[in-house]
Amino acid sequence: MTELRRERFTVMTELGEVKAVLKGTFYHSSATRIDFPCVGDFVLLHHNESGDSLIVTVLPRRSKFSRADYSGHAASFARTVLEQVVATNFDYVFILSSLNGDFNVARIMRYLTQARQSGGQPVIILTKADLVEEMNAPLAEITQSIPDVPVHAICSHTGMGLNELSPYLMPGNTVVFLGMSGVGKSSLLNALIEQDVMKVQAIREGDSRGRHTTTHRQLFLLPSGAMVIDTPGMRELGLFAADEGIRASFTDVEKRFSQCRFSDCRHQAEPGCAVLAALADGSLPHERWEQYVAQRHESKYVNDKTSYLIDKRARDKTIAMLNKQTKKNGGRKK
């Protein structure tokens, strides 16, 4: 599937692009819509030459980037879909962050955690390199905080650094662009596709942040033969089902747990705590520990709320079936 606009889909087939809608069973069988088709999905389609085709089934996904759509804040979960699938079936996750005043390593690390959870290979792209006089400091901060992920500084307007992206953009590869509004996703796509396919808006001077340019998800074919899934900018990324991603992002932190004197150590004031010792001697930076704790707390909060909603929906469904059966029996319960 190459494009999603509200409830209408664009699907690439051997006959070309066709417009499609969902079979009704999607709406009846999925309360959360996480099984709805997403850009990047392969689908089973009933083709219609004279109108909208019908999407019958979504085929198994090899990778999936999801986020909690409440963006990490307390919200009315009863009215909220906890998981929002952003893109599927990709090889690389380009995490874009601009080098201007909105540069934030902690935010990049949140994207990285969810990217590692997705099954794709993360790559950090630092955009707008032409707007900073000195790149060594932010590059050093990134490489020290995230030593095992490729980092590339680019400028889409001048072409600086774009040749470094060629290994990821080989024929048949699919890349998903992720990042906040105004980080330069649309500018990079225009540069790679070698034409202005996406509108670009100026960032705000006050905080170096941008307005939403991309308003929907769409897949583009590059001249190289690679494909790019462009996504709307995210004001904030809510972690969803990110336990594996957190473990992969903080292996240096969690490996210390086995060195603690007590197996149930909470790493707060216990004697023989390896984490507290590492914090004291500086081998574990306080900022990194705080980032780990924050991500773990958020992940637990989402997992607990997800379990609650699953149980609540099951109870509501059971009650609805009982009420329906009672009405059929003339108001008498069996």
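1. I start with a local feature of this predicted model: a hairpin of two residues leads from β2 into β3. The two strands, β2 at residues 8-13 and β3 at residues 16-22, run antiparallel and are joined by five bridges. Within that pairing, F9 has A20 of β3 as its bridge partner.

2. Strand β3 also pairs with β5 (residues 53-58), here in the parallel sense and through three bridges. In this second pairing V21 stands opposite L54 of β5, and the residue that follows in the discussion of the core below, I55, belongs to those with the most contacts inside the largest nonpolar core.

3. These strands are part of an open sheet of 11 strands with mixed pairing, whose order reads β4-β5-β3-β2-β1-β12-β13-β11-β8-β9-β10. Its edges are formed by β4 (43-46) and β10 (151-153), each of which pairs on one side only. On average, and with direction ignored, neighbouring strands of the sheet are turned by 30° against each other.

4. Further along the sheet order, β11 (residues 174-178) and β13 (residues 227-230) are parallel partners over three bridges. The register can be checked at V176, which stands opposite I229 in β13.

5. Helix α2, covering residues 105-118, lies across β8 (92-98), β9 and β11, and runs at about 175° to β8. For the packing of the interior, the relevant point is that the largest nonpolar core comprises 74 residues, with I55, F94, F177 and L188 having the most contacts inside it. Among the contributors to this core, α2 gives the most, namely six residues.

6. Which residues does F94 touch, once those up to four places away in sequence are not counted? The list consists of V123, I125, L165, Y168, V175, V176, F177 and L178. Two of these deserve a second look, since V176 is the residue that stands opposite I229 in β13, while F177 is itself named with F94 among the residues with the most contacts inside the core.

7. Is T127, which lies in strand β9 (residues 121-127), buried or exposed? T127 has a relative accessible area of 2% and therefore counts as buried, the cut-off being under 20%. Leaving aside neighbours within four places in sequence, T127 is in contact with L96, S97, S98, L99, I154 and V183.

8. The cysteines call for a careful reading, as the count of disulfides comes to zero. C260 is in no disulfide, although the sulfur of C265, the nearest cysteine sulfur, is 4.0 Å away; because a disulfide requires sulfur atoms within 2.5 Å, that separation does not qualify. C260 is buried, with a relative accessible area of 8%. C273 is likewise in no disulfide, and the nearest cysteine sulfur is again that of C265, at 3.7 Å. C273 is also buried, at a relative accessible area of 6%.

9. For the chain as a whole, there are eight helices and 13 strands, and 48% of the 334 residues count as buried. Of the contacts between residues at least 6 apart in sequence, 66% join residues at least 24 apart. The accessible surface comes to about 17,700 Å², with 51% of that area belonging to carbon and sulfur atoms.

Note on methods:
Residues are numbered from 1 along each chain as its sequence is written. This is a predicted model: local features need pLDDT of at least 70, side-chain atom pairs count only at pLDDT 80 or more; totals for chains, interfaces and linings use all residues. Side-chain values use heavy atoms; hydrogens and water are left out. Helices (H or I, at least four residues) and strands (E, at least two) are DSSP runs, numbered from the N terminus. Buried means under 20% relative accessible area, exposed over 50%, partly exposed in between (1.4 Å probe, protein chains only). Contact means heavy atoms within 4.5 Å. Accessible areas come from the Shrake-Rupley method with a 1.4 Å probe; for residues, only the protein chains shown count as cover. Two strands pair if DSSP finds at least two bridges between them. Axes are lines fitted to C-alpha atoms, for helices over the stretch in contact, and angles run from 0 to 180 degrees between N-to-C directions. A nonpolar core is a set of buried Ala, Val, Leu, Ile, Met, Phe, Trp, Tyr and Cys residues joined through side-chain atoms within 4.5 Å.
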